[in-house]
Amino acid sequence: MAEKLDIAVANYKVFKAIAWKAQTLTLQNKKYISEFNLPILGKKITDYKNDIKTYFDSLNDIVLENAYLELFASFEATVVEKIKLASGEIVKVSKEKYDSALPFVGYEERFVKNENDLGSLNKILDLLENKISTELHTELKTIVKYRDKLAHGKRFHNEVILDSIEDTHSVMIKILNEI
């Protein structure tokens, strides 16, 4: 189930390599500004090499942020899928094992979490609080804050920084293995 997370990190590495190659070519020859249709095309360039580096630094930040958002979305979808599978199994077993005349029959689905209960990463965070190790839960809280920072504007949780997308991926894989 972690394939989506692996793809998110792989996509980031591809985009990063493409951006690096484009930067290298553009630094070697100005014709690449127009060939790559860089937004600095037609603008007054004061320091060619510095302007190119500044542009690609900014582009790399955008690529990384988008990769994190893809990783977060993939993680959330995977957690919801795992919970749906588990919830479906619980409902199935309760219907198979218990007589419909028992007082709680018909209510069993209310005790089971489903995707309607998991509308955000914060809800997933709450649900997993006692299901994963304290260390992983603390790391997941930081990840959720960083995701909120990216998704809702940098005015939120501006102090939150993640080590790397690979480390974040690793934490998410550990969480998926524990649930």
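This passage walks through the fold, the cores and a few individual residues of a predicted model.

Start with the overall layout. The protein has 6 helices and 0 strands, and from the N terminus on its elements simply read α-α-α-α-α-α. Of its 179 residues, 34% are buried. Looking at contacts between residues at least 6 apart in sequence, 64% of them link residues at least 24 apart.

Now for the interior. In soluble globular proteins, nonpolar side chains tend to be buried together. Here the largest nonpolar core holds 31 residues, and the members touching the most other members are Phe72, Phe75, Leu140 and Ile175. Five helices each put in at least two residues: α1 (3–28), α3 (48–97), α4 (121–128), α5 (134–152) and α6 (165–178). The largest share, 9 residues, belongs to α3. A second core, separate from this one, has 9 residues, including Ala19, Ala22, Ile33 and Tyr55. Back in the largest core, Ile175 makes a good example of how the chain comes together: once its neighbours within four places in sequence are set aside, Ile175 is in contact with Phe75, Leu128, Ile132, Leu136 and Leu140.

Next comes the pairing of α1 with α6. Two packed helices are described by the angle between their axes and the distance between the axes. For α1 and α6, the axes come within 10 Å and cross at roughly 175°. Angles over 145 degrees count as roughly antiparallel, so that is the label for how α1 and α6 run relative to each other. On the α1 side, the contact uses Leu5, Asp6, Val9, Tyr12 and Lys13, while α6 brings Ile165, Glu166, His169, Met172, Ile173 and Leu176. Sorted by class, this contact has 7 nonpolar, 1 polar and 3 charged residues.

Taken alone, α1 has 26 residues and spans 38 Å from first C-alpha to last, close to the 38 Å expected at 1.5 Å a residue. Its buried residues are Leu5, Ala8, Val9, Tyr12, Ala19, Ala22, Gln23, Leu25 and Thr26. An α-helix has 3.6 residues a turn, so residues three or four places apart point the same way. Among the buried residues of α1, Gln23 is worth a closer look. Gln23 counts as buried because its relative accessibility is 13%, and the cut-off for buried is under 20%. Leaving out residues up to four places away in sequence, Gln23 touches Ile52, Lys53 and Phe56.

Helix α5 gets a similar treatment. With 19 residues, α5 reaches 26 Å from its first C-alpha to its last, close to the 27 Å expected at 1.5 Å a residue. Its buried residues are Leu136, His137, Leu140, Ile143, Val144, Tyr146, Asp148, Lys149 and Leu150. Right after α5 sits Gly153, with a positive phi near 105°.

Some of those α5 residues turn up again as partners of Val171, which lies in helix α6. Val171 is buried, with 9% relative accessible area. Not counting residues up to four places away in sequence, Val171 touches Leu136, Glu139 and Ile143. Val171 and Leu136 are 35 residues apart in sequence, with 7.0 Å between their C-alpha atoms.

A wider jump along the chain shows up at Leu64, found in helix α3. Leu64 counts as partly exposed because its relative accessibility is 24%. Apart from neighbours within four places in sequence, Leu64 is in contact with Tyr12 and Ile165. Leu64 and Ile165 are 101 residues apart along the chain, and their C-alpha atoms are separated by 8.0 Å. Both of those partners also belong to the contact between α1 and α6.

Finally, there is a backbone oddity to mention. Most residues other than glycine have a negative phi. Asn37 has a positive phi of about 55°, although it is not a glycine. Asn37 sits in the loop between α2 (31–35) and α3. At 58% relative accessibility, Asn37 counts as exposed.

How values were computed
Residues numbered from 1 in each chain as written. Predicted model: local features only at pLDDT ≥ 70, side-chain atom pairs only at ≥ 80, totals over all residues. Heavy atoms only, no water. Core = buried A, V, L, I, M, F, W, Y, C linked by side-chain atoms within 4.5 Å. Buried < 20%, exposed > 50% of the residue type's maximum accessible area, 1.4 Å probe, protein only. Helix = DSSP H or I, 4+ residues; strand = E, 2+ residues; numbered from the N terminus. Contact = heavy atoms within 4.5 Å. Axes fitted to C-alpha atoms, helices over the stretch in contact; angles between N-to-C directions. Parallel < 35°, antiparallel > 145°, perpendicular 65-115°, else oblique. Nonpolar A, V, L, I, M, F, W, Y, C, P; charged D, E, K, R; others polar. Expected span 1.5 Å × (residues − 1).
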